[in-house]
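Let's take a walk through this fold, one piece at a time. Have the model open and turn it as we go.

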Amino acid sequence: MAEVPTHEQRRKRATRADVAQLAGVSTAVVSYVFNNGPRRVAPATSEKVRRAAKLLDYRPNTTARALRTGFSKMMAVIVPDSSNPFSAGIYNELQSAASRHGYSLMFMNVKGDPDLEEDAISKLIERNVDAIFLSTSRTYDQISMAPLDQSRFIFMDQPRRVMNAKSVSTDFYSSAMTATEHLIGHKFHSVDMLYGGPEEDRTDDRVRGWYAAHQNNNLPAGRIIRSYFTREGGYRATLRLLDSDHQPEAIFAGSDMEAMGALRALHERGLRIPEDVAIVSFDGTVDSLYTWPQLTTMQQDTQKIAACAMNAALDPDQVPDVQLIKADLVIRHSCGC
């Protein structure tokens, strides 16, 4: 390698040619190293280039690269709720997958607001990101009408096909049916449901699976109480059930967070779980291991979901428009087994 640059030489922004000169390689080799191809660079040479870039504080010009190649090597995730541990698990897996493929991943928190979501999408399109992953706050009808041809969109938690986009989701229908039938197998006459969406929305696959389990067992369906996919929502919804004329026997919570809120409400009322009220939740986050009692839950496969989503972003022609991932019933203490 050439001499280490002086402080004065470092002050102006280093170029690819500067890195090549310091590393003793061609500018093409520098490009191959930072673009992960198209030609392979020997590990020793790659390390030499990266050391030179670090000494020079070199930053590849992503805008110029995007104009030249049509790819920015940047992807984005629109985050509806950064406090949700399940979402955090998915995003960590996505970040790892992006890094393995030489991409950077940008996060934008829209706090479940459809208007903020649309604004975030506009800004990301302007930045020419190569793909946008999002768990949308909008309804299926709204996203079906949206123009989705200006970037590569991958919808998370969306089990239905969306035109000009890819969808990756847990199989909510079969998972909710499995969870509910597990509770019905304990001889409960009906299972009430804590659900994040509107109580009158019977099109969601979680709701459909819950309802189908009752039909399959010739039982009247329990009640749906809106709980907003939050701890507070689960707490308030469970209090509504407890204050009603008909005390709940069993609860299927649409997320671990709602189940944690339900546990608090039940404990405050002096009820035993599962002896007085049984619970099965949905997500299988690490938090479900640290509740009392530990939650029986439908565990989503975050690693597989992230891998399928990344494949949809990198090679959309080789993956189906909708990929449904199986969830597994993890039996612990809250269901009464």
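In which loop is P293 found? Look between strand 9 and strand 10: the loop that joins those two strands holds P293. Do bear in mind that this is a predicted model. The peptide bond leading from W292 into P293 is cis, and its omega sits near -5°. There is another cis bond to look at, the one from I273 to P274, with omega near 10°. P274 has its place in the loop between helix 12 and strand 9. So much for the loops on either side of strand 9; now for the sheet around it.

Strand 9 belongs to an open sheet of six strands, ordered 7-6-8-9-10-12, and the pairing in this sheet is mixed. At the edges you'll find strand 7 (224–226) and strand 12 (328–330), each of which pairs on one side only. Going from one strand to the next, the twist averages 20°. Zoom in on strand 9 and strand 10 (residues 296–299): four bridges hold this pair together, in the parallel sense. If you want a residue to anchor your view, take V280, whose bridge partner in strand 10 is T296.

Next come the helices that lie across this sheet. Helix 12 (residues 256–268) lies across strand 6 (192–195), strand 8, strand 9 and strand 10, and runs at about 155° to strand 9. Helix 9 lies across strand 8 (250–253), strand 9, strand 10 and strand 12, and its angle to strand 9 is about 165°.

Each of these two helices has a helix partner worth a look. Start with helix 12, whose axis comes within 6 Å of the axis of helix 11 (residues 231–242), the two crossing at roughly 45°. Helix 11 and helix 12 are therefore oblique to each other. As helix 11 passes helix 12, the crossing is right-handed. From helix 11, the contact draws on R231, G234, Y235, T238, L239 and L242, while helix 12 brings M257, E258, M260, G261, A262, R264, A265, L266 and E268. Sorted by class, the contact of helix 11 with helix 12 comes to eight nonpolar, three polar and four charged residues.

Now swing over to helix 9 (residues 172–184) and helix 10 (residues 205–216), whose axes come within 7 Å and cross at roughly 40°. That angle makes helix 9 oblique to helix 10. Here, too, we have a right-handed crossing, with helix 9 passing helix 10. On the helix 9 side, the contact residues are F172, Y173, A176, M177, T180, E181 and I184, and they meet D205, R206, R208, G209, W210, A212, A213, H214 and N216 of helix 10. Split by class, the residues of this contact are eight nonpolar, four polar and four charged.

Past helix 9, in the loop between helix 9 and strand 6, is K187. Its backbone is worth a glance: phi is near 75°, a positive value in a residue other than glycine.

F172 turns up again when we turn to the rings. Searching the whole structure gives five aromatic pairs. One of them is F172 with F282: the ring centres are 5.7 Å apart and the planes make 50°, so this pair is tilted. F172 in helix 9 and F282 in strand 9 (residues 278–283) are 110 residues apart, so to speak a link between distant parts of the chain.

That leaves the other sheet. This one is also open and has six strands, in the order 2-1-3-4-5-11, with parallel pairing. Strand 2 (104–109) and strand 11 (322–325) are at the edges with a single partner strand each, so one side of each has no neighbour in the sheet. Neighbouring strands here are turned against each other by 20° on average, direction ignored. Strand 1 (residues 74–79) runs parallel to strand 2 and is joined to it by six bridges. Within that pairing, M75 has L105 of strand 2 as its bridge partner. Finally, helix 6 (residues 85–100) packs on this sheet and touches strand 1, strand 2, strand 3 (131–134) and strand 4 (153–156), with its direction at about 155° to that of strand 2.

Key. Residues numbered from 1 in each chain as written. Predicted model: local features only at pLDDT ≥ 70, side-chain atom pairs only at ≥ 80, totals over all residues. Heavy atoms only, no water. Axes fitted to C-alpha atoms, helices over the stretch in contact; angles between N-to-C directions. Parallel < 35°, antiparallel > 145°, perpendicular 65-115°, else oblique. Left-handed = near helix turned anticlockwise from the far one by under 90°. Contact = heavy atoms within 4.5 Å. Nonpolar A, V, L, I, M, F, W, Y, C, P; charged D, E, K, R; others polar. Pairing = 2+ DSSP bridges. Phe/Tyr/Trp six-rings, centres within 6.5 Å; stacked < 30°, edge-to-face > 60°.
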